[in-house]
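Work through the exercises below with the sequence and the 3D structure at hand, and try each task before you read its solution.

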Amino acid sequence: RVLVVGAGVGGISVARGLLRDGHDVTVFERHPDVRAAGGAVTIWSNGETVLRQLGVDMDGAGQLLSTVRAMTSSGRPLGTLDVTGMVDRLGAPIRMVPRRVLLERLMEGFPAERIRCDSRAIAVLRTRGGVRVEFDDGSSAEGDVLIGADGLRSMVRNSVGAPAAKHTGWSSWQGLVTLPDVPDKDVAFVIVGGLGNLGVWPAGGSEVQWWFDLPWSPEFVRPQRPIEVIRSNFAGWSELADRVLATLSDDDLARSPFPHFRHPIPHAGRGPVTLLGDAAHTMPPTLAQGTNQALLDTMVLCKALRDVESDSGSADLASALRWYEKTRRRKVMAVSRVASLPVSHGEAVLRPAALIPDRLQSWALTTFLRCTSHRRMSAAISRELAGAMVIPARP
């Protein structure tokens with residue numbers, strides 16, 4: 001019996017995988033419905049492979065990418081990633097997809113009765129046979145395992161005493177906009193200036209994911225007209241960015257900014273409780289790996305619990321959870337550290353990157369993703385699941 005707190009991409013992914021493997025899973029969501037917050041996410045090849053293992057059909061979702069071009073605010077090239085070449089080496093496509101579309105695909109075939117909305121978890125208690133979660137309406141649920149997939153400000157993380165996230169000093173103003181007649185719809189752009197950076201990434205059809213990164217601190221005071229601040233910092237950086245700026249209003253910035261945080265990766269936990277996704281390892285969006293790391297968590301955690309006998313005691317379950325945490329720790333720490341490097345926020349720091357051949361930059365990122373994605377384990381799991389029914393059946 002597995003309890004999952006949080007019905008975001010990470011929570012639904014791990015619930016889908018555990019249902020596939022025959023576990024009794026219930027997902028608890030504090031909102032009145034399952035919703036996708038934010039704009040679009042990048043699904044790299046490592047995340048795409050896990051989605052295939054989960055039986056999630058991503059054909060036609062979002063926009064497949066062929067190239068990522070980086071330049072300075074003055075138009076000087078910094079590098080071009082050959083995404084098509086990376087796909088050939090990594091064995092799965094790389095796409096930009098609206099978060100709502102990703103969640104819709106994850107929900108296809110998922111038994112809705114397994115999700116309990118309007119369930120705000122407020123406490124976690126150990127029981128003799130497992131764990132109990134208490135909710136703000138006075139109800140509770142008991143299970144053998146609890147997975148905290150409840151994001152940056154995770155109640156489950158707090159309950160196990162893991163350290164709080166620390167801000168990095170930056171934030172993103174970001175969202176989706178409809179922009180017709182965008183040339184090169186499979187090309188993404190990153191532009192770095194002296195005081196910030198921006199991105200314009202196609203997300204499928206006429207939708208474009210945009211972001212503007214600026215310094216941030218806890219003393220930040222939101223301006224009355226944030227669009228004027230954004231335009232004053234980024235106008236003139238590129239024709240495409242100016243088109244985005246011309247379409248935006250203060251209403252489009254209403255949910256921004258999103259401060260960048262980084263969680264210290266917790267050491268091994270205790271008992272029948274573990275963490276997944278942003279609840280375990282919130283990191284800056286520099287590498288666009290947050291969603292992909294949650295999917296890799298799903299793959300490893302499902303493997304950890306797959307071989308545990310149904311009549312095993314709590315000690316065996318706890319050992320499986322500790323194996324999952326240990327297996328993920330070093331690799332996710334490496335991703336978090338690279339994502340937290342400040343080089344993406346300084347034009348002067350990045351100028352030497354123009355001296356590095358594009359081919360070498362693409363090779364380096366490909367190698368990094370291969371080394372941090374449990375390639376052997378992933379390939380073995382894909383072989384095991386080949387030809388099997390992976391969409392969870394209704395009970």
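## Exercise 1: Charged pairs

The side chains of E228 and R225 meet in a salt bridge, with 3.2 Å from N to O; a salt bridge here is a side-chain nitrogen of Lys or Arg within 4 Å of a carboxyl oxygen of Asp or Glu. The model is a predicted one, in which local features need pLDDT of at least 70 and side-chain atom pairs count only at pLDDT 80 or more, while totals for chains, interfaces and linings use all residues. Residues are numbered from 1 along each chain as its sequence is written, and side-chain values use heavy atoms, with hydrogens and water left out.

Task: decide whether E228 and R225 are buried, partly exposed or exposed, and then find which residues salt bridges with shared partners join into one network.

Solution. Begin with the scale: buried means under 20% relative accessible area, exposed means over 50%, and partly exposed lies in between (1.4 Å probe, protein chains only). E228 has a relative accessible area of 46%, so this residue is partly exposed, and R225, at 40%, is partly exposed as well. Turning to the network, R20, D21, R306 and E384 are joined into one by salt bridges that share partners. By the rule given above, the count comes to 15 salt bridges.

## Exercise 2: Pairs that link distant parts of the chain

Task: find where R114 and D24 lie, and where R95 and E48 lie, and state how exposed each residue is.

Solution. As a first step, recall that side chains of opposite charge can pair when their charged atoms come close. R114 forms a salt bridge with D24, and their closest N and O atoms are 2.7 Å apart. This pair links distant parts of the chain, since R114 is in the loop between α4 (99-107) and β8 (115-116), whereas D24 is in the loop between α1 (9-20) and β2 (25-28), 90 residues apart. The helices (H or I, at least four residues) and strands (E, at least two) named here are DSSP runs, numbered from the N terminus. R114 has a relative accessible area of 15% and is therefore buried, while D24, at 41%, counts as partly exposed.

The next pair is R95 and E48, whose closest N and O atoms are 3.2 Å apart in a salt bridge. Here too distant parts of the chain are linked, with R95 in strand β7 (residues 95-98) and E48 in helix α2 (residues 45-53), 47 residues apart. Both R95 and E48 are buried.

## Exercise 3: The helix α2

Task: state how many residues of α2 are buried, and which residue with a positive phi follows the helix.

Solution. Eight of the nine residues of α2 are buried, and the helix is thus mostly covered. The buried residues of α2 include S45, E48, L51 and Q53. After α2 comes G55, whose phi is positive, near 75°.

## Exercise 4: Backbone angles

Task: name the residues joined by a cis peptide bond, and find where D118 and D181 lie.

Solution. Start from the general rule that most residues other than glycine have a negative phi, and most peptide bonds are trans. S256 and P257 are joined by a cis peptide bond, with omega about 5°, and P257 is found in the loop between α7 (239-247) and β17 (258-262). D118 is not a glycine, yet its phi is positive, about 55°. D118 has its place in the loop between β8 and β9 (121-126), and its relative accessible area of 51% means that this residue is exposed. D181 is also a residue other than glycine with a positive phi, near 60°. The place of D181 is in the loop between β13 (166-178) and β14, and with a relative accessible area of 68% D181 is exposed.

## Exercise 5: Cysteines

Task: state how many disulfides are counted, and say whether C117 and C302 are buried or partly exposed.

Solution. A disulfide is a pair of cysteine sulfur atoms within 2.5 Å, and by this rule the count comes to zero disulfides. C117, at 27% relative accessibility, counts as partly exposed, whereas C302, with a relative accessible area of 1%, is buried.
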